[in-house]
Amino acid sequence: MNPTSRRDFLKRAGLAALGAALFPRVGDGAGSASLALKKSTARKPNILLIVADDLGWADVGWHGSKFLTPVLDRLVKEGIELDRHYVQPVCTPTRTALLSGRWTSRFGPHVLAPSNSRAFPPGTPTLASALKQCGYTTHLSGKWHLGGKAEWGPNHYGFDHSYGALCGAVDPWTHKYRQGAFEDTWHRDLQRVDEEGNATELVAREVLPWIKQAHAPWFIYVPFFAVHIPVDAPEEYKRRYAGVKFDADPVKHDSLLRLAAYVNQLDTKVGEFIAALEATGQRDHTLVIFTSDNGGLPGGKNPYVGKVADSPVLSSNLPLRGHKNTLYEGGVRVSAFVNWPGRLKPGKLTAPLHAADWMPTLTKLAGWTPPADLKFDGLDIWPLLTGAVAKPDPRTIYIPHPSGAIVLRDGWKLIARKTTKKNAGGVELYNVTADPYEEHDLAKAEPERVQELQALLVELRRGDLAKMPPDAGDGAVDPSDK
């Protein structure tokens, strides 16, 4: 064996051993199973990251909903339910944290609310760009909402391919945003396209060939528009609720029927992804992550260009308090799970997590070496997912919002509100471990704890960017996405 071949052999052997150490198969024994393990885990896992839009806590079957979610329910049962998976109260901020690993306020006040301005400065490392450096092909199909102009689009932040809408939402049939400069937002790789068909069907259709190409490793990010207003789905999904009466009021019944169909359409599309993984022999090599971007909305008008009716009644987050765009649990604690057959043991993880955890977790899993200290606010949660760490150390979760902020620490939750035209200032304190439904405000009973968390909030805010970068756009908030 010549020296070069010998070095290559040793390098390959080392990578195989590393893969076996990183991705132990649950329940494997020795002998032939061990050999199969080394062969199957030497490669990096595919990553399928699915984000629902405005999905309520009680909109899924595993939380008792009447809505049909058999695929998601099965994936939860066979995976790890993330019982305290926190996000931001609205969409742009959650997506900012998810793709950067940082609290959203690190990028400026304009990304604390839904916005079509540019979220990330040029050159910002993202989950996609980091995985791309690790040899992944990177794809996005669905909602970007981190910059409404093509020059701020996903292809400039690490995605090889992108499809869907650059802005916050679209009519499911016209694919149009609200009237104005960003009305025509549907694109493929940042080039405007006009297509017929239902938006959710088109988003899923774009994903399937990426999966079936089986070019490993790959990262596919699917931020669905479902179930954001405008709420509607093809008739086939509505027929699945034949005979179900959601409300005696026909207008409310229609509103809930459209939502139920939309939820089931989302579930069905996820099922198509799983079927494609199984058909191409990639299921055991693919990590599937599912979350909502925020809590559900109780109802709302439809300001988008199209003919879909308003939705006077929508999602439920019960028994959690609050809803989308509030600082209560119903706005920031969402339905989520992770699933990887044979690698992650099924169960429920009750430790508090945040969307910002996924970038440090997944990039480390992929073997990425950051070019510098990126000051991640999120944590590597892989040891929690694998069970290597049974009881995590106390951590801090910071959720900034235009109306104030949340600080979560060791089971305690401080809500610190700013004084604005719409909101009175002040603080609330809850022990969300003992009181997950936030029924007992303990701020007056625990003044020292309030002071401790307020001091922590002051320190957290020192890392925030106080002003929007002048080249980031107009900073306009999308008033329809509240």
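**Strand pairing, core and side-chain contacts**

User: How many bridges join β1 to strand β9, and which way do the two run?

Analyst: Strands β1 and β9 (residues 286–292) run parallel and are joined by seven bridges. Please note that this is a predicted model.

User: Which residue of β9 is the bridge partner of isoleucine 50?

Analyst: Phenylalanine 290 takes that place in β9.

User: And what joins β1 to β8?

Analyst: Five bridges do, and β1 and β8 also run parallel. Within that pairing, leucine 48 has isoleucine 220 of β8 as its bridge partner.

User: Is β1 itself buried or exposed?

Analyst: Strand β1 (residues 46–52) has seven of its seven residues buried, so the rest of the structure largely encloses it. Its two faces are both covered. On one side the buried residues are Asn46, Leu48, Ile50 and Ala52, and on the other they are Ile47, Leu49 and Val51.

User: What about the largest nonpolar core: how many residues, and which have the most contacts inside it?

Analyst: That core has 59 residues, and the ones with the most contacts inside it are Leu48, Trp186, Phe224, Phe273 and Phe290. Two or more residues are given to this core by each of β1, α3 (70–78), β5 (161–165), α6 (199–212), β8, α8 (250–279) and β9.

User: Which element supplies the largest share of this core?

Analyst: Helix α8 does, with 13 residues.

User: Changing topic: how many aromatic pairs does the structure hold?

Analyst: There are 18 aromatic pairs. One of them is formed by tryptophan 103 and tyrosine 398, whose ring centres are 6.4 Å apart with planes at 85°, so this pair is edge-to-face.

User: Where do tryptophan 103 and tyrosine 398 lie in the chain?

Analyst: Tryptophan 103 is in the loop between α4 (91–100) and α5 (127–133), whereas tyrosine 398 is in strand β14 (residues 396–401). The pair therefore links distant parts of the chain, 295 residues apart, and its geometry is edge-to-face. Tryptophan 103 and tyrosine 398 are both buried.

User: Trp186 came up in the core. What kind of pair do tryptophan 186 and phenylalanine 225 form?

Analyst: Their aromatic pair is tilted, at 5.8 Å centre to centre and with 35° between the planes. Tryptophan 186 lies in strand β6 (residues 186–188) and phenylalanine 225 in the loop between β8 (218–223) and α7 (235–238), so the pair ties together parts that are 39 residues apart in sequence. Tryptophan 186 and phenylalanine 225 are both buried.

User: Which residues form one aromatic cluster?

Analyst: The cluster consists of Phe107, Phe120, Trp144, Tyr157, Phe159, Phe219 and Tyr221.

User: Which ring face does arginine 321 lie over?

Analyst: Arginine 321 lies over the face of tyrosine 328, at 3.9 Å from the ring centre.

User: On to charged pairs. How many salt bridges does the structure hold?

Analyst: The structure holds 31 salt bridges. Among them is one between aspartate 310 and lysine 301, at 3.6 Å from N to O.

User: How accessible are aspartate 310 and lysine 301?

Analyst: Aspartate 310 is partly exposed at 32% relative accessibility, while lysine 301 is exposed with a relative accessible area of 65%.

User: What does lysine 413 form with glutamate 329?

Analyst: Lysine 413 and glutamate 329 form a salt bridge in which the closest N and O atoms are 2.8 Å apart. Lysine 413 lies in strand β16 (residues 412–417) and glutamate 329 in helix α9 (residues 329–332), so parts 84 residues apart in sequence are tied together. Lysine 413 and glutamate 329 are both buried.

User: Where does glutamate 438 meet lysine 413 in the chain?

Analyst: The side chains of glutamate 438 and lysine 413 meet in a salt bridge at 2.8 Å, N to O. Glutamate 438 is in the loop between β17 (426–431) and α12 (447–461), and lysine 413 is in strand β16, 25 residues apart. Glutamate 438 is buried with a relative accessible area of 2%, and lysine 413 is buried with 0%.

User: Which residues do salt bridges with shared partners join into one network?

Analyst: Lys176, Glu183, Asp184, Arg192 and Asp194 are joined in that way.

User: Finally, how many disulfides does the structure hold?

Analyst: The number of disulfides is zero. As for individual cysteines, cysteine 134 counts as buried at 11% relative accessibility, and cysteine 167 counts as buried at 0%.

Note on methods: Residues numbered from 1 in each chain as written. Predicted model: local features only at pLDDT ≥ 70, side-chain atom pairs only at ≥ 80, totals over all residues. Heavy atoms only, no water. Phe/Tyr/Trp six-rings, centres within 6.5 Å; stacked < 30°, edge-to-face > 60°. Helix = DSSP H or I, 4+ residues; strand = E, 2+ residues; numbered from the N terminus. Buried < 20%, exposed > 50% of the residue type's maximum accessible area, 1.4 Å probe, protein only. Lys NZ or Arg CZ within 6 Å of the ring centre and 35° of its normal. Salt bridge = Lys/Arg side-chain N within 4 Å of Asp/Glu carboxyl O. Disulfide = S-S within 2.5 Å. Pairing = 2+ DSSP bridges. Core = buried A, V, L, I, M, F, W, Y, C linked by side-chain atoms within 4.5 Å.
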